[in-house]
Amino acid sequence: MSDRLQDLFVQPGQSPWLDNLKRDYITSGKLVEVRDSGVRGLTSNPSIFQKAIQGSADYDEQFNEIAADGGSIVDDYWSLVIRDIHGACDVFSKVYDQSNGTDGFVSVEVAPSLAHDGPGTEAAARELHERIQRRNLMVKIPGTAEGIAPIEQMIAEGRSINVTLIFSLPRYAEVIDAYLTGLERFAKDPDADLSQVASVASFFISRVDVEVDKRLEANGSDAALALRGQAAVAQGKLAYKLFAERFSGPRWEALAARGAHVQRPLWASTGAKNPAYSDVLYVDELVGPDTVNTLPEPTLEAFADHGTVARRVDADVDESAAVWAALPSVGVDMDDVADQLEREGVASFIGAFDELIEALEDKAAELRS
């Protein structure tokens with residue numbers, strides 16, 4: 001790869017992460033190569049693990065061993081996943097050390113069926129942290145209404161959290177407040193080390209344009225069609241504006257004085273799904289300091305080849321605000337868009353998880369027979 005990935009961090013201060021994980025990346029040494037190319041962390045989700053485990057024989061030996069005892073297939077799934085997470089955490093621990101705990105994180109998500117179960121999410125997030133026991137682990141909690149309280153509680157316990165599946169600015173404001181309140185609760189202990197807590201708030205970018213463009217095309221007016229391909233970047237830029245506002249002033253300064261890290265915006269789902277758009281649109285337009293972009297491999301390779309390393313996330317924010325203001329006038333209700341995308345995102349992860357568990361159950365039945 002080119003030097004663009006390293007330049008992305010050195011110049012504007014954005015951290016590129018990889019949005020993928022499978023066993024072969026660890027055993028082949030590929031993940032070390034990816035890290036050394038400039039990638040500074042990694043995210044995973046239930047869909048990624050479904051593809052990894054169902055798509056190769058790399059997990060068969062371990063699965064055959066653990067399935068032989070006839071225990072829970074869900075427990076077997078977590079054993080497969082946690083071995084990968086341990087391996088990835090080991091690879092990125094070097095980045096964690098070099099960045100003083102700012103980067104080098106590996107994310108794993110709680111079971112997707114818990115997205116609307118606050119107490120269940122809290123218990124699962126705590127269990128994953130205690131079971132995996134890696135300082136550069138981030139447990140992913142969906143940014144649903146029910147996820148806000150568990151996010152605050154995990155931060156208050158000094159645990160690092162990736163808030164995932166954020167689709168709206170109002171929900172993002174709640175996520176920021178949960179992080180700040182959690183830090184304030186943690187800081188009540190005079191011996192608490194706030195520098196050991198990290199968090200990112202993950203906006204799913206490209207899916208916004210997919211849904212909004214569909215609604216704009218259904219409207220069909222010139223004013224509506226002129227807005228296609230702009231909503232996702234506009235929301236990202238307005239989110240960054242909110243980030244800059246909330247991580248300044250007396251409330252934040254008191255936490256920063258205790259060593260707290262900002263909760264960085266993370267741009268997820270940044271592969272362009274519309275072939276009419278640049279394949280690096282959702283990278284180029286959201287480059288800026290104190291941000292993360294987690295990239296699927298095709299987008300990572302595309303950016304390394306022809307991406308633009310230039311700060312854009314806080315450029316043309318007035319234009320983004322104008323786009324945002326214009327959307328309701330052509331019949332696009334962004335609150336409704338966010339609600340729909342959240343439902344679809346949760347359902348997609350549940351579907352991937354359930355399909356994988358079913359496949360593992362079938363495989364276990366074959367072994368027993």
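Seven strands form an open sheet in this predicted model, in the order S1-S7-S6-S5-S4-S3-S2 and with parallel pairing. Helix H12 lies across strands S5, S6 and S7 of the sheet, and H12 also packs with helix H10. The structure holds one cavity of 30 Å³ or more.

**The sheet**

- Strand S1 (14-18) and strand S2 stand at the edges of the sheet, and each has a single partner strand, so one side of each is left without a neighbour in the sheet.
- From one strand to the next, the twist averages 30°.
- S1 pairs with strand S7 (residues 291-295) in the parallel sense, over five bridges.
- Leu-18 stands opposite Leu-295 of S7.

**Helix H12 on the sheet**

- The strands crossed by H12 are S5 (199-204), S6 (264-268) and S7.
- H12 runs at about 165° to S6; because angles over 145 degrees count as roughly antiparallel, H12 and S6 are roughly antiparallel.

**Packing of H10 with H12**

- Two packed helices are described by the angle between their axes and by the distance between the axes.
- For helix H10 (residues 206-219) and helix H12 (residues 231-246), the angle is about 130° and the axes are 7 Å apart.
- H10 and H12 are therefore oblique to each other.
- On the H10 side, the contact is made by Val-208, Asp-209 and Val-212.
- H12 contributes Ala-231, Ala-232 and Gln-235 to this contact.
- Sorted by class, the residues in the contact of H10 with H12 are four nonpolar, one polar and one charged.

**The cavity**

- The largest cavity holds about 30 Å³ of space.
- Its lining consists of Ser-44, Asn-45, Pro-46, Phe-49, Tyr-77, Trp-78, Val-81, Val-108 and Glu-109.
- Helix H4 (46-54), helix H6 (73-98) and strand S2 (106-109) are the elements that give two or more residues to the lining of the largest cavity.
- H6 provides the largest share of this lining, with three residues.
- By class, six of the lining residues are nonpolar, two are polar and one is charged.
- Strand S2 thus has two roles in this description: S2 stands at an edge of the sheet, and S2 gives residues to the lining of the largest cavity.

Conventions
Residues numbered from 1 in each chain as written. Predicted model: local features only at pLDDT ≥ 70, side-chain atom pairs only at ≥ 80, totals over all residues. Heavy atoms only, no water. Axes fitted to C-alpha atoms, helices over the stretch in contact; angles between N-to-C directions. Helix = DSSP H or I, 4+ residues; strand = E, 2+ residues; numbered from the N terminus. Parallel < 35°, antiparallel > 145°, perpendicular 65-115°, else oblique. Contact = heavy atoms within 4.5 Å. Nonpolar A, V, L, I, M, F, W, Y, C, P; charged D, E, K, R; others polar. 1 Å grid on protein atoms, 1.4 Å probe; cavity = no way out; pocket = protein on both sides within 12 Å on 5 of 7 lines; lining within 4 Å. Points joined across faces, edges and corners; volume = space filled by probe spheres on them. Pairing = 2+ DSSP bridges.
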